[in-house]
Structure formats: structure tokens, C-alpha cells
Amino acid sequence: MKRWQVTPAARVAGSLRVPGDKSVSHRALMLGGLAVGTTTVEGFLDSEDCLATLAALRAMGVTIERPSAHTVRVEGVGLHGLRGVDRPLDMGNAGTAMRLFMGLLAGQKFDSTLVGDSSLMKRPMERAAGPLRQMGALIETADGKPPVRIRGGRRLHGIDFAMPVASAQVKSAVLLAGLFADGVTRVTEPATTRDHTERMLRGFGVRIERQGATISLPGGQNLRAGQVAVPADFSSAAFFMVAGSIAREGELVLERVGMNPTRNGLLEILRAMGADIRVELVDESGPEPVANLKILPARLRGIAVPRHLVPIAIDEFPVFFIAAASADGVSVLHGAEELRVKESDRLAVMAAGLAALGVEHELLPDGMRIVGRPDGAAFRGGTIDSHGDHRIAMSFAVASLRAAAAITIDDVANVATSFPGFAALANAIGLSIVEAEAATP
Ligand code: S3P
């Protein structure tokens, strides 16, 4: 088992570009595979999650070249050019890959089976299977969880789907199935969720419209291959946004960070807490806006997180809790029960970690209440079990900027699912993370 020993640090400084966006990288591979022609993806995230998507597409007959680690060339096979594979497709740790492939495979001529690692095998898949069945798909789950078995040769038809959970993965699964369906597919969101799929489909020449909270897509449209520029991942940048804010000194610059407004809720939350984060060099020329972010240390104040920001900051709450523990006053998060079905139960696992480091907090059914300590150390030293959750591991590494003693973080190998090279990059700007092998408990 991999573990990190993180020694307290006080200063972070420098300029860095975090790796490419995970959500955008998955989608670029999938849409590139379904398109007619060659798609070139620049800034691709070379992480385990995205490589699971890449391997599955290759297994289904898509030629994908990698002239460099961050450049990928996908030879699209067209909407109906994939071929079946007679073994399960392994999605690893990637919930996005599994749910989006469910939509993409529901209208194929062949059968498919999707599996994943021990974390993914516990995650709910009926939220995507349900609407796909309404479209005519034949899908089985095991008590709602993977393996997911998809029967091919079904004729799909468009539906009007009012999504009960605010999930971009479910929305995307239904829209991808909608490409193969007769008629128009409509999805209505209960709250804004990330719209990378809609933006990218438009970039591939697909007619897709939004009216209020409803997105509609006529079926049977061909995708036109092209270029995809992947921004630096806002969710990976988030660790450094909090690091730069809670550090005692230094100045950080994060380059070309994805600034999609359906994704960057943490920026608004941190600014409302008093963070000094400046948005510079905005580039809105592509489908995904990007900007440089300059972050200076600040005395943060506790916050009651506004409900409408919860779905658009959903992956950032582990590191938000670290900011809250370092802030003046009480912070409260409600309406975030979705955190319980991520790569781990992020509410329970973060609460256990905060407890281990002496942070006063209350675990709520749908969130957390945290009492911050703005002066002196916010965290004592101790040992954290990340439960194999990449974002939990990286969040507690950031806590070292306000820790009284060393923090040991167990089970960190899965950081490679979203942010390969995190420890080296963090060390380059002032953190002190040493990786070690530990006996598996
Ligand atoms: C993602 C959507 C979100 C997010 C996940 C990536 C996506 O999941 O948590 O990390 O790429 O569509 P939900 O759709 O389950 O909210």
C-alpha cells in the first residue's frame, strides 16, 4: 500500500499548470471515437481513469494514437462503427467512464458488460440504467451496482427525462444514448450540473439546445471530428487554490485553468470566505473557457455554502473542508448527500480524517459543520485513511500547511486516477510529501 508522510510547511510559491481536465478528457475520447474523421486532443489527462476509457474504446475497434503523453489522436469509427468485445470492459475507478459508456453502448448492436475496481463495484448505477431502460435499452445491474450488462440490438427512442438527482453523468448518459435514438431526447436538470458534454457535442457539429433547465437533442446526427483543447482541471487546481489561500506566505499562479461556470463553484465559495484569488488572462475562444489564477494567502471566514453552488462544486468539498477548518468561525454544508456515493463516502471519510487531526466538526446526513481555527495550527498531526479516494488523500496533504505536526496519509495510490504527479508538483511549490510503501493493513 502506498502512503504519504507529509511534513508541515508554511509557504507555497510558484507558477504551475495542473494536468488536463478529467471530465473533458473522457468525453473527448468517446465523442472522438463516435465521430467521422480524426480528432486530435491536446492537453489530454494521462491518468488511470482516462486510460480506462481509452483502453475500452481501443478494445471496441477504435484506433487511438498517442504521439505524446498529452496528445491523443482518435480515428473515429462513426456512430455505428464500434464492435463488441467478448469480455467485460474494465472501467477501473472511473464512475464517469462507466455511466457515460452505459449511454453510449445502450443503442449498439452488440452486448457489453462493464466492471470496475472495488470502489466502483459499490457505486449506484440504476440512476443511469433507469432512464436508459425508458428509452428502450435492456440493462441489468446487480442490486443497482456493477457489473452492468447491456443487451445490444435494441431500438432506442427519445424520452423526456426529468432527472431526480443533479448528475452530469446521468445527463450525459441519456444524451449519448439520444444520439442513437429515434426522435428527440430531452433532459431536465433539477439544478445546474457541468455541461461539458453539451459544449463538446456542439463542437462536434451536433445540434443540441438548451431552454431553461431542459436540454434537447434530436437523434441520428453524425459527429464531425475536430480538435479538442483540454483545459487544466479545475478540480485539480482546487487543491492549490486552497493551499495558496491557507498558506502563511507566498504567491501561486495556476495556468490555463478550466473556468467553465458550471464547474467552478469553489472559486465563488472561497472568495465569499475572503480568499484573495485573482482571475487573469481569461481566454474564452474555445468551447471551454480558461484563465490564469493568482492566489495569495488570506484570513478565511466560515461560510454557509449556498445550495445552488453544491452541484457545481461537488468534487471540491473534501478540500473545502480543509479551508473551513482553517477559517475564522463556523462553516456549514447542506444538500451534499451525493458525496456519500463518490469514490468513497466522502462525508464519512472526511469526518474521520478531521477527527483524527483534532478538528471540531459535526457530520450531518447531507453535509458537515466545521468549527475553524484561523490562528495557530488548525490540525494536529496524525494518520488518515483515505479509503483509496484520490481527492481525500490530496485534501489532507494540503492540510499540512496549517498542521502542528506530520500527517501520514494511507492508501494514496489512486491519486494516479485523476492527478498523476501531484506529490512532485506540490513539493515543487513548497509542500513536503514523501511517498513510502507500507504493509497493507
Ligand atoms: C462528472 C460528474 C460528477 C462528478 C464526477 C465527474 C462528469 O458526478 O462528481 O467527478 O464528468 O460528468 P455526478 O454526475 O455523479 O454528479
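## Pockets, cores and salt bridges in a predicted model

Seventeen of the residues that line the largest pocket are charged, alongside nine nonpolar and eight polar ones. This pocket is a good place to start a tour of the structure, which is a predicted model. Its volume comes to about 570 Å³. The lining is made up of 34 residues, and those closest to the centre of the pocket are A166, S167, I314, E338 and K342. Three elements, α1, α3 (95-105) and α5 (168-179), each give two or more residues to this lining.

### A small enclosed space

Besides the pocket, the structure holds one cavity of 30 Å³ or more. The volume of this largest cavity is about 30 Å³. How do the residues of its lining divide into nonpolar, polar and charged? Four are nonpolar, three are polar and three are charged. By name, the lining consists of D21, V24, H196, P231, F234, G258, M259, N260, R263 and E288.

Two of those names, D21 and R263, return as partners: their side chains meet in a salt bridge, with N to O at 2.7 Å. The two residues come from distant parts of the chain, 242 residues apart. R263 sits in the loop between β15 (252-258) and α8 (265-272), while D21 sits in the loop between β2 (14-16) and α1 (22-34). Are these partners buried or exposed? R263 has a relative accessibility of 3%, so it counts as buried. D21 is buried too, because its relative accessible area is 2%.

### More salt bridges

In total, the count of salt bridges comes to 28. Here are three of them side by side.

| Salt bridge | Closest N to O distance |
|---|---|
| R263 and D21 | 2.7 Å |
| R66 and D46 | 2.9 Å |
| E343 and R123 | 3.9 Å |

R66 forms its salt bridge with D46, and this pair also links distant parts of the chain, 20 residues apart. R66 belongs to strand β4 (residues 63-68), and D46 to the loop between β3 (36-42) and α2 (48-59). R66 is partly exposed, at 30% relative accessible area, and D46 is likewise partly exposed, at 26%.

The partners of the salt bridge between E343 and R123 both lie in loops. E343 is in the loop between β18 (330-333) and α10 (346-356) and R123 is in the loop between β7 (112-115) and α4 (126-134), so their pairing ties together parts 220 residues apart in sequence. E343 counts as buried at 11% relative accessibility, and R123 counts as buried at 5%. The pair also belongs to a network: salt bridges with shared partners join R123, R194, D315, E343, R346 and D389.

### The nonpolar cores

In soluble globular proteins, nonpolar side chains tend to be buried together. In this model the largest nonpolar core has 83 residues. Which members touch the most others? They are W4, M241, F317, F321 and F422. Helix α7 gives the most to this core, with nine residues. Another core lies apart from it, with 69 residues, including L34, L89, M135 and L223.

F317 deserves a closer look. Beyond its neighbours within four places in sequence, F317 is in contact with I269, V305, V310, L333 and L339. Of these contacts, I269 is one of the buried residues of α8.

### Helices α7 and α8

Helix α7 (residues 234-246) also holds S245. Why does S245 count as buried? Its relative accessible area is 0%, and buried means under 20%. Setting aside neighbours within four places in sequence, the residues in contact with S245 are A275, I277, I295, L296, P297, A298 and L300.

The buried residues of α8 are G265, L266, L267, I269 and L270. What covers them? The cover includes α7, β16 (276-283) and α9 (317-325). After α8 comes G274, a residue with a positive phi near 100 degrees.

Definitions and conventions: Residues are numbered from 1 along each chain as its sequence is written. This is a predicted model: local features need pLDDT of at least 70, side-chain atom pairs count only at pLDDT 80 or more; totals for chains, interfaces and linings use all residues. Side-chain values use heavy atoms; hydrogens and water are left out. Helices (H or I, at least four residues) and strands (E, at least two) are DSSP runs, numbered from the N terminus. Buried means under 20% relative accessible area, exposed over 50%, partly exposed in between (1.4 Å probe, protein chains only). Contact means heavy atoms within 4.5 Å. On a 1 Å grid over the protein atoms alone, a cavity is a set of points where a 1.4 Å probe fits but cannot get out, and a pocket is an open set with protein on both sides within 12 Å along at least five of seven lines; lining residues have an atom within 4 Å of a point. Grid points are joined across faces, edges and corners, and a volume is the space filled by probe spheres set on the points. Ala, Val, Leu, Ile, Met, Phe, Trp, Tyr, Cys and Pro count as nonpolar, Asp, Glu, Lys and Arg as charged, and the others, Gly among them, as polar. A nonpolar core is a set of buried Ala, Val, Leu, Ile, Met, Phe, Trp, Tyr and Cys residues joined through side-chain atoms within 4.5 Å. A salt bridge is a side-chain nitrogen of Lys or Arg within 4 Å of a carboxyl oxygen of Asp or Glu.
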